[in-house]
Amino acid sequence: MTPMMSLKNVHLTLSSPAGRVNILRGVDFQVEHGDIVAIAGPSGAGKTTLLMLMAGLEKATSGEVVAAGMHLDTLNEDALATFRRDNVGIVFQSFHLAPSMTALENVALPLELAYTTDAFEQAQKALDAVGLGSRLTHYPSQLSGGEQQRVALARAFAGQPKLILADEPTGNLDAATGETVMNLLFDLAQRIAATLILITHDNTLAKRCHRIVHMRDGRLEEHSSNHPSEYMEASLT
């Protein structure tokens, strides 16, 4: 079976006032269908850039990026948007909810963009699944941080995507709320058999994944999630 995600010798170089900056330096990475992978590493290592590249929100300078059987490096912007609509759910650290839309409207929006006929019914089911069935008409400003992230989870999972990408999903939450969101994230991924790739500095969250990969200076090193090395433990604190 073709892997859900495959990167081969991927480089990404960006221009800056100080000259060209090498963000990714020959990344090789493969994720199978249904796998749950944590990407850890220090700030500035290229983790979020790598996630954006896997979502088709950034393009590699060179190398091959294949997701859900599609060569993202060969697609134009319209085709990449269609790829994300049909295959990807994204959870951001800062929620990225539309402030002028209710929880229900925020979750229904990507479904409507995908021409889903029962978008609001599916959105309500998704909010029910994260325990927010009583908060459908509330705006983001009326919700706690944990509730906003649960709305973001509902939005990411509502269309039952094949691939979930999460960038520090508990980073803006206190420990107890983060654990609730973490449990929901894993439960929802398993419920729809989605592949989950997440960036995290949370050691507990990383250890719950099938695999841990560590990023440093634009390169990946892989570690077992069952027996991470002392170096891996230190990098997550």
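Q: How many bridges join β6 to β7, and do these strands run parallel or antiparallel?
A: In this predicted model, β6 and β7 run parallel and are joined by four bridges. One of the pairings can be followed residue by residue, since Ile 90 has Leu 165 in β7 as its bridge partner.

Q: Which residues of strand β6 point one way, which point the other way, and are they buried or exposed?
A: Strand β6 covers residues 88–91, with Val 88 and Ile 90 pointing one way, while Gly 89 and Val 91 point the other way. Residues on both sides of this strand are buried.

Q: Where do nonpolar side chains tend to be found in soluble globular proteins, and how many residues does the largest nonpolar core have here?
A: As a general idea, nonpolar side chains in soluble globular proteins tend to be buried together. In this structure the largest nonpolar core has 42 residues, and Leu 127, Leu 153 and Leu 198 are those with the most contacts inside it. Several elements give two or more residues to this core, including β3 (36–40), α4 (119–129), α5 (145–157) and β8 (195–199), but the largest share, seven residues, comes from α6. Apart from this core lies another one, of 34 residues, among them Leu 7, Leu 50, Met 52 and Leu 163.

Q: What is Leu 127 in contact with, once its neighbours within four places in sequence are left aside?
A: Leu 127 is then in contact with Ala 103, Leu 104, Val 107, Leu 132, Gly 133, Leu 136, Val 151 and Ala 154.

Q: How should a helix such as α6 be read, and which of its residues are buried?
A: The general idea is that an α-helix has 3.6 residues a turn, so residues three or four places apart point the same way. In α6 the buried residues are Gly 178, Val 181, Met 182, Leu 184, Leu 185, Phe 186, Leu 188 and Ala 189, and they pack against β3, α4, α5, β8 and α7. The helix has 17 residues and reaches 24 Å from its first C-alpha to its last, which is close to the 24 Å expected at 1.5 Å a residue.

Q: What caps the N-terminal end of α6, and which residue with a positive phi follows this helix?
A: The cap is Asp 174, which has a side-chain oxygen 3.1 Å from the backbone nitrogen of Ala 176. After α6 comes Ala 193, with a positive phi near 55°.

Q: Are Glu 147 and Gln 148 buried or exposed, and what do their side chains reach?
A: Both lie in helix α5. Glu 147 counts as buried because its relative accessible area is 16%, which is under the 20% cut-off. Its side chain forms a polar contact of 3.0 Å with the side chain of Arg 135, and the side chain of Glu 147 also reaches the backbone nitrogen of Ser 144 at 2.9 Å. Gln 148 is likewise buried, with a relative accessible area of 16%, and its side chain reaches the backbone oxygen of Leu 143 at 3.3 Å. Not counting residues up to four places away in sequence, Gln 148 touches Phe 95, Leu 97, Pro 140 and Leu 143.

Q: What is the mean pLDDT of the chain, and where is the pLDDT below 50?
A: The mean pLDDT is 90, and 94% of the residues reach 70 or more. Over residues 225–237, however, the pLDDT is below 50, although this stretch has 25 contacts in the model beyond near neighbours in sequence. Where pLDDT is low, the predicted coordinates should not be read in detail.

Terms used. Residues are numbered from 1 along each chain as its sequence is written. This is a predicted model: local features need pLDDT of at least 70, side-chain atom pairs count only at pLDDT 80 or more; totals for chains, interfaces and linings use all residues. Side-chain values use heavy atoms; hydrogens and water are left out. pLDDT is the predictor's confidence in each residue, from 0 to 100. Contact means heavy atoms within 4.5 Å. A nonpolar core is a set of buried Ala, Val, Leu, Ile, Met, Phe, Trp, Tyr and Cys residues joined through side-chain atoms within 4.5 Å. Buried means under 20% relative accessible area, exposed over 50%, partly exposed in between (1.4 Å probe, protein chains only). The expected span of a helix is 1.5 Å times one less than its number of residues. A polar contact is a pair of N or O atoms within 3.5 Å; within protein, one must be able to donate a hydrogen and the other to accept it, and residues adjacent in sequence count only if both atoms are side-chain atoms. Two strands pair if DSSP finds at least two bridges between them.
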